[in-house]
Amino acid sequence: MTQPKAPIIESLTGSFLVSTPQMPDPRFEEQVIYICAHSNEGAMGLAINKPNLSFSLAEVLKGADLPVPFGELPPIYIGGPVELESAFILYRSDYKTEYQLEVSPTVSLSRETKVLQDIAEGHGPEKYLFLLGYTGWGPGQLERELVEDGWLTVPADDHIIFELADDLKWKAAAMQFGIDIATFGDVIGYA
């Protein structure tokens with residue numbers, strides 16, 4: 001009987017991956033990825049700081065024959081390069097729905113259309129991000145990437161996800177631990 005492989009690192013669910021200036025993949029330059037699931041089977045996360053301004057949430061609601069609520073709506077984010085036709089709603093957990101993934105005690109994720117309907121009708125989550133696509137890694141792939149210096153892992157902060165301006169999230173995610181991400185890796189030390 002074979003034992004299941006133990007993860008190389010503890011689960012990063014509910015953490016941020018912050019791309020470093022050494023990130024080899026230009027699609028992830030200055031990205032903050034919120035890890036929604038991480039296990040031996042792989043990982044799934046959502047980019048939270050790169051809105052796509054070419055279309056709006058109002059257009060999505062109209063396309064779904066839903067009313068457009070009054071007031072300013074958040075932008076639509078590209079959560080990652082995988083399944084760009086798939087929609088996700090990341091929100092504070094004070095809003096509850098039948099089908100949701102509790103990422104942390106304060107943040108949940110859903111693909112349920114009921115959440116979008118509740119947003120349109122004005123009784124959905126107060127703080128949320130609407131995202132298309134996601135970022136995914138196969139078994140062991142994220143762990144290998146972490147060794148290669150493309151990502152910095154830090155605990156997530158709900159304020160950064162839901163409150164901070166998108167252009168400030170990348171630096172703020174690292175700076176909460178005193179790391180100037182813009183110069184990360186530029187200094188070489190010798191012991």
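**Exercise 1.** Decide whether Gly124 is buried, partly exposed or exposed in this predicted model.

*Solution.* Start with the relative accessible area of Gly124, which is 22%. Buried would need a value under 20%, and exposed a value over 50%. Gly124 is therefore partly exposed.

**Exercise 2.** Describe where Gly124 sits and what surrounds it.

*Solution.* First, find Gly124 along the chain: it belongs to the loop that links helix 2 (113–120) and strand 9 (128–137). Next, set aside its neighbours within four places in sequence; the contacts of Gly124 are then Tyr95, Asp118 and Ile119. Finally, look across to Thr13, 111 residues away along the chain: 24 Å separates the C-alpha atoms of Gly124 and Thr13.

**Exercise 3.** Work out whether Asp158 has a salt bridge, and list its partners.

*Solution.* Begin with the position: Asp158 lies in helix 4 (residues 158–162). Then check the nearest side chain of opposite charge, which is Arg92 at 4.3 Å. A salt bridge requires a distance within 4 Å, so buried Asp158 has none. Now look for a polar contact: the side chains of Asp158 and Thr106 make one at 2.4 Å. Beyond four places in sequence, Asp158 touches Arg92, Thr106, Val107 and Glu163.

**Exercise 4.** Find out how the confidence varies in the protein chain.

*Solution.* Take the whole chain to begin with: its mean pLDDT is 88, with 91% of residues at 70 or more. Then turn to the helices: helix 4 has a mean of 97, and helix 3 (residues 141–147) has 87. Last, check residues 187–191, where pLDDT stays under 50 and the model has 0 contacts beyond four places in sequence.

Conventions: Residues are numbered from 1 along each chain as its sequence is written. This is a predicted model: local features need pLDDT of at least 70, side-chain atom pairs count only at pLDDT 80 or more; totals for chains, interfaces and linings use all residues. Side-chain values use heavy atoms; hydrogens and water are left out. Helices (H or I, at least four residues) and strands (E, at least two) are DSSP runs, numbered from the N terminus. Buried means under 20% relative accessible area, exposed over 50%, partly exposed in between (1.4 Å probe, protein chains only). Lys and Arg count as positive and Asp and Glu as negative; His and the chain ends are not counted. A polar contact is a pair of N or O atoms within 3.5 Å; within protein, one must be able to donate a hydrogen and the other to accept it, and residues adjacent in sequence count only if both atoms are side-chain atoms. Contact means heavy atoms within 4.5 Å. pLDDT is the predictor's confidence in each residue, from 0 to 100.
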